[in-house]
Amino acid sequence: MVRGERNVLGGELEVCGTDPLTGFYRDSYCTTGPEDRGSHTVCVVVTDEFLDHQLGVGNDLTTPRPEWRFPGLVPGDRWCVVASRWLEAQQAGAAAPVFLAATHERALDIVPLQLLEAYAADVPDDPSSLL
C-alpha cells in the first residue's frame, strides 16, 4: 500500500503488478503525480484485443523500451494504463478488465466509476459498495 493513496472504491490503493513492475514510477502501484501527464491510473490485465487496439492507435505496448524501463507487455500482464487510453479502448469495444482496488481514484477524473465497475476483474470484500 502507498500511504495516503486511495483507489476508486475509496479504500487504500493496492498493488497493480510486480512482474513486470508497473506504475508510472515503476513502484507496482498506479500512483500519479505532476510528472505523470497521462494519468497512468487504471490497473488492467492486458488482453490481445486491448494490445491490438493500442497498437492501432499508435500506442505500442508490446515492444520493450529499456530506456523507459518498459519490458513490453503480453496478454495476462497487469499494468497501469493511461485513463483516457483505457476509455478510448472501451469506446472501441476493446477495453481490458480493470482491478478496481488497484485503480487510483484520480482515474475518476476521466472515467466514471460505473464504467470501471462494468469491467471489474476484482470484487471488494463488501460487494454492496458496488451498488
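**Entry 1: the largest pocket**

I looked up the largest pocket first and noted about 490 Å³ of space in it. I list 18 residues in its lining, of which H40, N59, L61, W68 and F70 are the closest to the centre. I record that the model is a predicted one. I then asked which element gives the largest share of the lining. That element is strand β2 (residues 78–82), with four residues. By character, I count eight nonpolar, six polar and four charged residues in the lining of this pocket.

**Entry 2: T41**

I turned to T41, which sits in strand β1 (residues 40–45). Is T41 buried or exposed? T41 has a relative accessible area of 0%, so I enter T41 as buried. Setting aside residues up to four places away in sequence, I find T41 touching C30, T32, V81, A83, A102, T103, H104, R106 and A107.

**Entry 3: helices α1 and α2**

I examined how helix α1 (residues 48–56) packs with helix α2 (residues 83–91). Two packed helices are described by the angle between their axes and the distance between the axes. Here I note an angle of about 105° and axes 10 Å apart. Since angles of 65 to 115 degrees count as roughly perpendicular, I describe α1 and α2 as roughly perpendicular to each other. On the α1 side, the contact is made by F50, H53 and Q54; on the α2 side, by R85, W86, E88 and A89. I sort the residues of this contact into three nonpolar, two polar and two charged.

**Entry 4: A120**

I located A120 in the segment after α3 (113–118). With a relative accessibility of 31%, A120 counts as partly exposed. Apart from neighbours within four places in sequence, A120 is in contact with V98 and L100. I also checked A120 against F50: the two are 70 residues apart in sequence and 15 Å apart in space, C-alpha to C-alpha.

**Entry 5: backbone geometry before β1**

Most residues other than glycine have a negative phi, and most peptide bonds are trans. I therefore searched for departures from this pattern. Which residues does a cis peptide bond join? I find D19 and P20 joined in this way, with omega at about 10°. P20 belongs to the segment before β1.

S28, although not a glycine, has a positive phi of about 85°. S28 lies in the segment before β1 and counts as buried at 7% relative accessibility. S39, also not a glycine, has a positive phi of about 65°. I place S39 in the segment before β1 and enter it as buried, with a relative accessible area of 11%.

Methods: Residues are numbered from 1 along each chain as its sequence is written. This is a predicted model: local features need pLDDT of at least 70, side-chain atom pairs count only at pLDDT 80 or more; totals for chains, interfaces and linings use all residues. Side-chain values use heavy atoms; hydrogens and water are left out. On a 1 Å grid over the protein atoms alone, a cavity is a set of points where a 1.4 Å probe fits but cannot get out, and a pocket is an open set with protein on both sides within 12 Å along at least five of seven lines; lining residues have an atom within 4 Å of a point. Grid points are joined across faces, edges and corners, and a volume is the space filled by probe spheres set on the points. Helices (H or I, at least four residues) and strands (E, at least two) are DSSP runs, numbered from the N terminus. Ala, Val, Leu, Ile, Met, Phe, Trp, Tyr, Cys and Pro count as nonpolar, Asp, Glu, Lys and Arg as charged, and the others, Gly among them, as polar. Buried means under 20% relative accessible area, exposed over 50%, partly exposed in between (1.4 Å probe, protein chains only). Contact means heavy atoms within 4.5 Å. Axes are lines fitted to C-alpha atoms, for helices over the stretch in contact, and angles run from 0 to 180 degrees between N-to-C directions. Angles under 35 degrees count as roughly parallel, over 145 as roughly antiparallel, 65 to 115 as roughly perpendicular and the rest as oblique.
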